[in-house]
Amino acid sequence: MTAEITLRVPVREDGNAVHQLIGCCPPLDTNSMYCNLLQCAHFADTSVAALMDGELVGFISGYIIPGRDDTLFIWQVAVGEKARGQGLAGKMLAHIVERQHCADVRFMETTITEDNAASWALFSRFAERREAEMSRSVMFDRERHFGGEHASELLVRIGPFGGQAAVRAAG
């Protein structure tokens, strides 16, 4: 039997647990703990924490792109090993876009490396559930932006998708 998972807006006190979770979820890039604290404070309304028996087992950070109130950018998606295989990442994405804070969101963007099959599957399913188009283009190039030290990050753009009522119906 699987324990129940609760989704909620992150709080500042989640920052350390977020930092630890991301460190256990390769190939995610680790950020400073300070960055994770800011994600839980400044970007809480567009991020989500998933808890199982009081333990953080999932986290998505995101933000509304400045000057583009209709576009939610998803920064990172982390699901701990004990919560995998339950569709948690998709539930967390839906949880964010269903919030009042995201009422005007019609597009979702993220970046994914070419070889990240799990992320491609997650965002493809998100687009399919919302009957939205999904496009991709290079956002950060391996050579030009990363100096050859990181794979190119492809910008994924999904949308337009409907408002909160349409998102709930697509569930």
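## A surface patch and a set of salt bridges

Met33, Tyr34 and Leu37 come together as a nonpolar patch on the surface, sharing about 300 Å² of accessible area. A patch here is made of residues with over 30% relative accessible area and no salt bridge, with like charges joined within 9 Å and nonpolar side chains (Val, Leu, Ile, Met, Phe, Trp, Tyr) joined within 5 Å. Accessible areas come from the Shrake-Rupley method with a 1.4 Å probe, and for residues only the protein chains shown count as cover.

A word on the model itself: it is predicted, so local features need pLDDT of at least 70 and side-chain atom pairs count only at pLDDT 80 or more, while totals for chains, interfaces and linings use all residues. Residues are numbered from 1 along each chain as its sequence is written, and side-chain values use heavy atoms, with hydrogens and water left out.

Within the patch, Tyr34 belongs to helix H2 (residues 33-41); helices (H or I, at least four residues) and strands (E, at least two) are DSSP runs, numbered from the N terminus. Tyr34 is exposed, at 59% relative accessible area, where exposed means over 50%, buried under 20% and partly exposed in between (1.4 Å probe, protein chains only).

Now to the charged side chains. A salt bridge is a side-chain nitrogen of Lys or Arg within 4 Å of a carboxyl oxygen of Asp or Glu, and by this rule there are six salt bridges. Three of them are listed here, including the separation of the closest N and O atoms.

| Salt bridge | Closest N and O atoms |
|---|---|
| Glu109 and Arg68 | 2.6 Å |
| Arg157 and Glu109 | 2.6 Å |
| Arg136 and Glu114 | 2.8 Å |

What lies at either end of the Arg136 and Glu114 pair? Arg136 sits in strand S6 (residues 134-140) and Glu114 in the loop between S5 and helix H4 (117-129), so their salt bridge ties together parts 22 residues apart in sequence. Arg136 is partly exposed, at 47% relative accessible area.

Which residues form a network? Arg68, Glu109 and Arg157 are joined into one by salt bridges that share partners. Glu109 counts as buried, at 6% relative accessibility, whereas Arg68 at 33% and Arg157 at 25% are both partly exposed.
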